[in-house]
Amino acid sequence: MVHQIGVFLALSLLIGPVNAFLNGFSSAGLRNGGKIYMSGDPPRPSPKNVGVVLLAGGKGTRMKATMPKQFLPLLGKPVFLRSLDVFQGMTEVVSSIVIVLDQSFRDEYQHIVDADRRIRWADPGKERQDSVFNGLNRVPDSCSVVAIHDAARPLVSVDEVTRCLQDGIEHGA
């Protein structure tokens, strides 16, 4: 019985996108939590009024670098700014961005906060969970959902963020 279910699931995951393609539908975005969506299905929830907590308060001691990893350059730009760019670009979705960053690094990046009314600072905590807590406390109550992202992970795309937000809205997590 378990084997038959596994075969059915594997086949449905293959057949759904193939059928959709053959019927003229785009294969992008067809799967959602095990569901196959066709063009006539209800659209995924649209994230709006999202708060973001961008965790950039780590010290990066395990890397043994001369600076925390979120400040290391990636193609000439600090890693954390590449993460920030993703969320700043989501102007129709993101209404608040809280950057959890130690006071000693803020002066260098204050111009970014001054240029975008959505951005504010929060202090890092002793542990990561404390930093998350501090960041959440700075997110406005008006935000409908909050995304927490590690600023030292710059390779996230707008599409990936959007899908995660949609899943959070749809499933309440």
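Where is Leu75 placed? Select Leu75 in this predicted model: its place is in the loop between β4 (73-74) and β5 (77-78). Phi of Leu75 is near 55 degrees, a positive value in a residue other than glycine. At 79% relative accessibility, Leu75 counts as exposed, because the cut-off for that class is over 50%.

**The whole chain**

Zoom out and colour by secondary structure. The protein chain holds five helices and eight strands. Read from the N terminus, the elements come in the order α-β-β-β-β-β-α-β-α-β-α-β-α. Of the 173 residues in the chain, 35% count as buried. A surface display covers about 10800 Å² of exposed area, with carbon and sulfur atoms supplying 57% of it. Among contacts between residues at least 6 apart in sequence, 62% join residues at least 24 apart.

**Strand β3**

Select residues 50-55, which are β3. Six of the six residues of this strand are buried, so β3 is largely enclosed by the rest of the structure. Show the side chains and look at one face, then turn to the other. Val50, Val52 and Leu54 lie on one side of β3, with Gly51, Val53 and Leu55 on the other, and all of these are buried. Both faces of the strand are therefore covered.

Which strands pair with β3? One is β6, paired in the parallel sense over six bridges. Another is β8 (residues 145-150), which runs parallel to β3 and is joined to it by six bridges. To find the β6 pairing, pick Val53, whose bridge partner in β6 is Val98. For the β8 pairing, pick Gly51, which stands opposite Val146.

**The loop before β3**

Step back along the chain to Asn49, found in the loop between β2 and β3. Asn49 has a positive phi of about 55 degrees although it is not a glycine. Its relative accessible area is 29%, which means that Asn49 is partly exposed.

Is Arg44, in the loop between β2 (35-36) and β3 (50-55), buried or exposed? Arg44 has a relative accessible area of 18% and counts as buried, because the cut-off is under 20%. Display its side chain together with that of Glu170: the two make a polar contact at 3.3 Å.

**From β6 over α3 to β7**

Now select β6 (residues 94-100) and β7 (residues 119-122), which run parallel and are joined by four bridges. Add helix α3 (residues 103-115) to the selection: β6, α3 and β7 make a right-handed β-α-β unit. Within the strand pairing, Ile99 stands opposite Trp121 in β7.

**Trp121**

Centre the view on Trp121, in strand β7. Trp121 is buried, with a relative accessible area of 11%. What is Trp121 in contact with, leaving aside its neighbours within four places in sequence? The residues are Val98, Ile99, Leu101, Arg106, Tyr109, Gln110, Val113 and Arg138. Gln110 also takes part in a polar contact, its side chain meeting the side chain of Trp121 at 2.8 Å. Draw a distance from Trp121 to Val53 as well: the two are 68 residues apart in sequence and 9.7 Å apart in space, C-alpha to C-alpha.

**The cysteines**

How many disulfides does the structure hold? The structure holds zero. A disulfide is a covalent bond between the sulfur atoms of two cysteines. Select Cys143 and then Cys164 to compare their surroundings. Cys143 is buried, with a relative accessible area of 13%, whereas Cys164 is exposed, with a relative accessible area of 57%.

**The C-terminal segment**

Finish at Ala173, in the segment after α5 (158-171). Ala173 is exposed, with a relative accessible area of 83%. From here, draw a distance to Val145: the C-alpha atoms of these two residues, 28 residues apart along the chain, are separated by 9.5 Å. Val145 leads back to β8 (residues 145-150), one of the strands that run parallel to β3.

Notes. Residues are numbered from 1 along each chain as its sequence is written. This is a predicted model: local features need pLDDT of at least 70, side-chain atom pairs count only at pLDDT 80 or more; totals for chains, interfaces and linings use all residues. Side-chain values use heavy atoms; hydrogens and water are left out. Two strands pair if DSSP finds at least two bridges between them. Helices (H or I, at least four residues) and strands (E, at least two) are DSSP runs, numbered from the N terminus. A crossover is right-handed if, with the strands pointing away from the viewer, the path from the first strand over the helix to the second runs clockwise. A disulfide is a pair of cysteine sulfur atoms within 2.5 Å. Buried means under 20% relative accessible area, exposed over 50%, partly exposed in between (1.4 Å probe, protein chains only). Contact means heavy atoms within 4.5 Å. Accessible areas come from the Shrake-Rupley method with a 1.4 Å probe; for residues, only the protein chains shown count as cover. A polar contact is a pair of N or O atoms within 3.5 Å; within protein, one must be able to donate a hydrogen and the other to accept it, and residues adjacent in sequence count only if both atoms are side-chain atoms.
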